[in-house]
Amino acid sequence: MLRHRSPLLALTVLVFACGTASTPPHASASAPTPTGPAAEPARVLLVMATAGFRHDSIPTARAVLASLAARSGTFTVTATENPGDVSASRLASTDVLMFALTTGELAFDDGQKAAIVSFVNGGGGFIGVHSAADTLYQWPDYGRIVGAYFRDHPWTQTAAVVVEDRNHPTMAGVETPFRILEEFYTFQRNPRGTVDVLLSLDPQSVGADGDFPLAWTQSVGRGRSYYNALGHFDSTWNDPWFQRQLAAAIQWTAGR
């Protein structure tokens with residue numbers, strides 16, 4: 001991977017216009033509609049800082065999440081590219097900490113690391129997307145919260161993805177298998193057996209053998225963690241199904 005730094009910019013996400021492609025067979029065009037008694041919107045702190053490779057899809061990801069928040073009304077998003085914005089006081093007013101397309105050894109001090117671990121262990125939600133697994137290798141607690149560290153991306157192509165847990169709320173309405181163009185990850189340690197695998201790569205679709213989990217959930221203390229390895233391309237973020245599962249993951253990790 002290329003290694004370069006780019007200026008970090010903290011910002012609060014406003015409403016962005018966000019176009020989507022025509023709805024593919026495995027997707028529904030709208031985010032989940034909340035039912036039952038109204039609840040306070042889940043407060044998401046979105047970290048998109050990079051200390052290594054920087055994905056071109058970062059602006060699209062930020063815009064998609066802002067649009068989803070505005071459309072659904074079930075969560076709000078505050079985005080930052082400044083690691084210094086992640087603090088105990090900030091997490092005290094946060095329901096879900098999301099690392100999306102982050103890379104490298106982000107500059108968190110010991111106090112910030114302790115605050116993140118305390119937040120998740122104490123019942124806070126965590127979401128990692130794509131290269132969130134290519135982040136903070138020198139901090140084992142972070143790898144435990146994510147569930148695995150990135151090893152390689154041997155296949156960048158259209159391939160088949162299998163839904164393994166069709167009962168999980170983030171998988172609602174998803175046909176299995178479905179095909180998607182992606183940069184497919186493998187991991188330093190296969191997390192199966194310690195997490196609930198939601199999605200996996202169909203190895204035959206890439207001419208390989210093996211077991212390749214792509215998305216999973218787990219409990220971390222009293223908190224909930226969700227990770228999805230997809231999200232390399234703009235087209236993935238603009239996929240209505242991918243948007244649906246992110247909106248559902250926010251609600252699930254927030255305990256809604």
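The following legends describe an overall view and five close-up views of a predicted model.

Residues are numbered from 1 along each chain as its sequence is written. In this predicted model, local features need pLDDT of at least 70 and side-chain atom pairs count only at pLDDT 80 or more, whereas totals for chains, interfaces and linings use all residues; side-chain values use heavy atoms, with hydrogens and water left out.

**Figure 1. Overall view of the chain, with six helices and 10 strands.** Helices (H or I, at least four residues) and strands (E, at least two) are DSSP runs, numbered from the N terminus. Of the 256 residues in the chain, 57% are buried; buried denotes under 20% relative accessible area, exposed over 50%, and partly exposed the range in between (1.4 Å probe, protein chains only). The chain exposes about 10600 Å², of which carbon and sulfur atoms supply 51%; accessible areas come from the Shrake-Rupley method with a 1.4 Å probe, and for residues only the protein chains shown count as cover. Among contacts (heavy atoms within 4.5 Å) with a separation of 6 or more, 77% are between residues 24 or more positions apart. The mean pLDDT, the predictor's confidence in each residue from 0 to 100, is 89 for the chain, and 85% of the residues reach 70 or more. Over residues 1-36 the pLDDT is below 50, and this stretch has 88 contacts in the model beyond near neighbours in sequence.

**Figure 2. Close-up of helix α1, residues 58-72.** The end C-alpha atoms of α1 are 21 Å apart, which agrees with the 21 Å that its 15 residues should span at 1.5 Å a residue; the expected span is 1.5 Å times one less than the number of residues. The helix is mostly covered, with 12 of its 15 residues buried. Among these buried residues are Ile-58, Arg-62, Leu-65 and Ser-72. Gly-73, which follows α1, has a positive phi, near 70°.

**Figure 3. Close-up of Thr-102 in the loop between β4 (96-100) and α3 (110-121).** Thr-102 counts as buried because its relative accessibility is 0%. Its side chain makes a polar contact with the side chain of Thr-135 (2.9 Å). A polar contact is a pair of N or O atoms within 3.5 Å; within protein, one must be able to donate a hydrogen and the other to accept it, and residues adjacent in sequence count only if both atoms are side-chain atoms. Beyond residues up to four places away in sequence, Thr-102 touches several residues, including Val-47, Met-48, Ser-131, Asp-134 and Tyr-142.

**Figure 4. Close-up of the aromatic pair Phe-126 and Tyr-142.** The structure holds 15 aromatic pairs. Rings of Phe, Tyr and Trp (its six-membered ring) pair if their centres lie within 6.5 Å; planes under 30 degrees apart count as stacked, over 60 as edge-to-face and the rest as tilted. The rings of Phe-126 and Tyr-142 have centres 6.1 Å apart and planes at 85°, so the pair is edge-to-face. Phe-126 in strand β5 (residues 125-129) and Tyr-142 in helix α4 (residues 140-146) are 16 residues apart. Phe-126 is buried at 0% relative accessible area, and Tyr-142 is buried at 1%. Ring pairs link both residues with Phe-99, Phe-108 and Trp-139 into a cluster.

**Figure 5. Close-up of the aromatic pair Trp-216 and Tyr-227.** This pair is tilted, at 4.9 Å centre to centre with 35° between the planes. Trp-216 lies in strand β9 (residues 213-220) and Tyr-227 in strand β10 (residues 223-228), so the pair ties together parts 11 residues apart in sequence. Both Trp-216 and Tyr-227 are buried.

**Figure 6. Close-up of Asp-196 in strand β8 (residues 196-201).** Asp-196 is partly exposed, with a relative accessible area of 32%. Asp-196 and Thr-217 are 21 residues apart in sequence, and their C-alpha atoms are 5.2 Å apart in space. Leaving aside neighbours within four places in sequence, Asp-196 is in contact with Asp-165, His-168, Ala-215, Trp-216 and Thr-217.
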